[in-house]
Amino acid sequence: NQPRTTCKQVFQSVAAKDSKYDFAGVVRIEPNAEGSDSAQLSQNLMLHDSAVVNTRPQMEIFNEDVKASHGATTGGPAPEAMFYLQARGLGRETATKLYVNSFVSAALLDIEDPALRRRAMKWLQSL
């Protein structure tokens with residue numbers, strides 16, 4: 001509700017067998033928030049055909065002098081990446097774990113607090 005503010009939202013999900021994930025996010029830019037910059041991204045990795053992902057990023061913009069973007073991606077692991085990993089001797093399970101780790105790590109690198117980032121990365125490595 002203030003002018004020249006910044007908002008960056010990144011949501012990631014990893015959907016395994018029979019899991020369900022619903023995301024409905026709304027960024028609202030008020031009339032007096034001129035010069036604001038907002039970005040919202042929902043990235044979803046589906047590991048099984050029975051997983052269900054519903055994602056609905058939304059923006060409500062009531063000022064024309066802003067920079068705003070939103071987007072969503074949903075899909076399985078890239079076949080080329082999985083082939084690359086398996087061609088180097090990794091089994092499918094290990095390759096999938098490495099792929100998921102890489103997918104999630106990208107967002108964790110954006111955590112500004114170094115202690116929190118290290119804790120989150122340590123947690124990810126323990127999976």
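**Helix 2 and the Asn101–Ser105 pair**

Ser105 lies in helix 2. The model is predicted. Helix 2 covers residues 92–108, 17 residues in total. At 1.5 Å a residue, this helix should span 24 Å. Its end C-alpha atoms are 24 Å apart, so the expected span and the model agree.

Several residues of helix 2 are buried: Ala95, Val100, Asn101, Phe103, Val104, Ser105 and Leu108. The elements that cover them include two strands, strand 1 (6–15) and strand 3 (37–46). Helix 1 (79–87) and helix 3 (114–126) are also among the covering elements.

Two polar members of the buried set were examined further. Ser105 has a relative accessibility of 11%. This value is under the 20% cut-off, so Ser105 counts as buried. Asn101, also placed in helix 2, has a relative accessible area of 17%. Asn101 is therefore buried by the same cut-off of 20%.

An α-helix has 3.6 residues a turn, so residues three or four places apart point the same way. Asn101 and Ser105 are linked by a polar contact. The backbone oxygen of Asn101 lies 2.7 Å from a polar atom of the Ser105 side chain.

Contacts beyond four places in sequence were then considered. Ser105 touches Met121 and Leu124. Asn101 is in contact with Leu124 and Gln125. Leu124 thus appears in both contact lists. Ser105 and Leu124 are 19 residues apart in sequence. In space, their C-alpha atoms are 7.9 Å apart.

Key: Residues are numbered from 1 along each chain as its sequence is written. This is a predicted model: local features need pLDDT of at least 70, side-chain atom pairs count only at pLDDT 80 or more; totals for chains, interfaces and linings use all residues. Side-chain values use heavy atoms; hydrogens and water are left out. Helices (H or I, at least four residues) and strands (E, at least two) are DSSP runs, numbered from the N terminus. The expected span of a helix is 1.5 Å times one less than its number of residues. Buried means under 20% relative accessible area, exposed over 50%, partly exposed in between (1.4 Å probe, protein chains only). Contact means heavy atoms within 4.5 Å. A polar contact is a pair of N or O atoms within 3.5 Å; within protein, one must be able to donate a hydrogen and the other to accept it, and residues adjacent in sequence count only if both atoms are side-chain atoms.
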